[in-house]
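User: I'm new to this one and would like to go through it step by step. Can you show it to me first?
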Amino acid sequence: MAYDLEEQEQLAQLKSWWKDNGTLVVAFLAAVAIGAAGWQGWRIWEAGQARQAGALYDSLVKAMQAGDAKALRDAGGSLVESFPRTLYASMGALAAARFHFERNDLKNARAQLQWVMERSPSDEMKDLARLRLAGVMLDEKAYDEALALLGAKHAEPMAAQYAALKGDVLVAKNQPAEAKAAYKLALEKAGQRENALRTTVQLRLDALGG
């Protein structure tokens with residue numbers, strides 16, 4: 001059946017539009033298809049990265065449990081070199097720092113914590129690394145460096161821990177009045193679930209005469 005006049009006009013308009021714009025439409029659809037494929041490919045690659053990083057982190061934890069310093073260094077080194085933007089790398093560096101700290105290897109503990117502070121994609125892990133590095137500096141008697149770290153901006157949920165450690169540093173510096181103020185702030189900032197922290201801080205405050 002022949003098209004009526006209106007249909008013929010519409011068809012003519014469509015042909016004319018397609019002639020002028022068809023190449024752009026095809027290019028746009030191709031770009032969308034490539035973008036979708038690229039996104040899917042990225043997700044597959046990212047999942048693979050996470051699996052590999054997770055396996056290395058498991059190896060690091062097992063090395064810690066076995067007290068195997070070499071295996072821990074190997075797994076930790078591979079994590080931070082090959083997968084630095086994963087949370088596994090930050091978790092591994094924090095775990096390695098604890099391993100070294102417990103063995104009084106403060107130099108390597110400091111290096112691991114410094115790496116997290118500088119390279120972690122997580123602000124929370126950076127805050128935790130800063131807190132632990134301040135603790136290492138307290139052991140090294142680098143009191144002013146520790147106080148500088150503890151004075152840096154950090155997430156509110158960690159305020160009590162930061163204030164408590166600041167009190168410890170000030171006690172070590174023989175500044176009891178300032179230490180009391182820090183301990184009182186720690187008690188004020190402590191959350192409802194931080195009962196253990198509250199107890200230890202209160203004991204330290206009582207030791208200074210409240």
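Analyst: Here are some questions and answers on the helices, their packing, two backbone angles and the salt bridges.

User: Before that, what kind of model is this, and how are things counted?
Analyst: Residues are numbered from 1 along each chain as its sequence is written, and side-chain values use heavy atoms, with hydrogens and water left out. Local features need pLDDT of at least 70, side-chain atom pairs count only at pLDDT 80 or more, and totals for chains, interfaces and linings use all residues, since what you are looking at is a predicted model.

User: How many helices and strands does the protein chain have?
Analyst: Helices and strands are DSSP runs, numbered from the N terminus: H or I with at least four residues for a helix, E with at least two for a strand. Read from the N terminus, the elements go α-α-α-α-α-α-α-α-α. So the count for the protein chain is 9 helices and 0 strands.

User: What share of the 210 residues is buried?
Analyst: Buried means under 20% relative accessible area, exposed means over 50%, and partly exposed is in between, using a 1.4 Å probe and protein chains only. By that rule, the buried share of the 210 residues in the protein chain is 33%.

User: And what part of the contacts with a separation of 6 or more comes from residues 24 or more positions apart?
Analyst: A contact here means heavy atoms within 4.5 Å. Among contacts in the protein chain with a separation of 6 or more, the part from residues 24 or more positions apart is 52%.

User: How do α4 and α5 run relative to each other?
Analyst: Two packed helices are described by the angle between their axes and the distance between the axes. Axes are lines fitted to C-alpha atoms, for helices over the stretch in contact, and angles between N-to-C directions run from 0 to 180 degrees. For α4 and α5 (residues 123–139), the angle is about 155° and the axes are 8 Å apart. Angles over 145 degrees count as roughly antiparallel (under 35 is roughly parallel, 65 to 115 roughly perpendicular, the rest oblique), so α4 and α5 are roughly antiparallel.

User: Which kinds of residues make up that contact of α4 with α5?
Analyst: On the α4 side the residues include L106, A109 and L113, and on the α5 side they include A129, L133 and V136. Ala, Val, Leu, Ile, Met, Phe, Trp, Tyr, Cys and Pro count as nonpolar, Asp, Glu, Lys and Arg as charged, and the others, Gly among them, as polar. The contact divides into 10 nonpolar, 1 polar and 5 charged.

User: Is N108 buried, partly exposed or exposed, and what is its value?
Analyst: N108 sits in helix α4, which covers residues 106–119. The C-alpha atoms of N108 and A96 are 8.6 Å apart, with their positions 12 residues apart along the chain. N108 counts as partly exposed because its relative accessibility is 34%.

User: What is unusual about phi of N104, and what is its value?
Analyst: Most residues other than glycine have a negative phi. N104 lies in the loop between α3 (87–102) and α4 and is exposed, with a relative accessible area of 62%. Although N104 is not a glycine, its phi is positive, at about 60°.

User: Where is K141, and what is its phi near?
Analyst: K141 is in the loop between α5 and α6 (143–150). It is exposed, with a relative accessible area of 59%. K141 is a residue other than glycine with a positive phi, near 65°.

User: Which residue forms a salt bridge with E102?
Analyst: A salt bridge is a side-chain nitrogen of Lys or Arg within 4 Å of a carboxyl oxygen of Asp or Glu, and a search of the whole structure finds 8. The partner of E102 also lies in helix α3, 4 residues apart, about one turn of the helix. The closest N and O atoms are 3.1 Å apart, and the partner is R98.

User: Which residue does D168 pair with?
Analyst: D168 is in helix α7, and its partner is in helix α9 (residues 195–207), 36 residues apart. The closest N and O atoms of this salt bridge are 2.6 Å apart, and the partner is R204.
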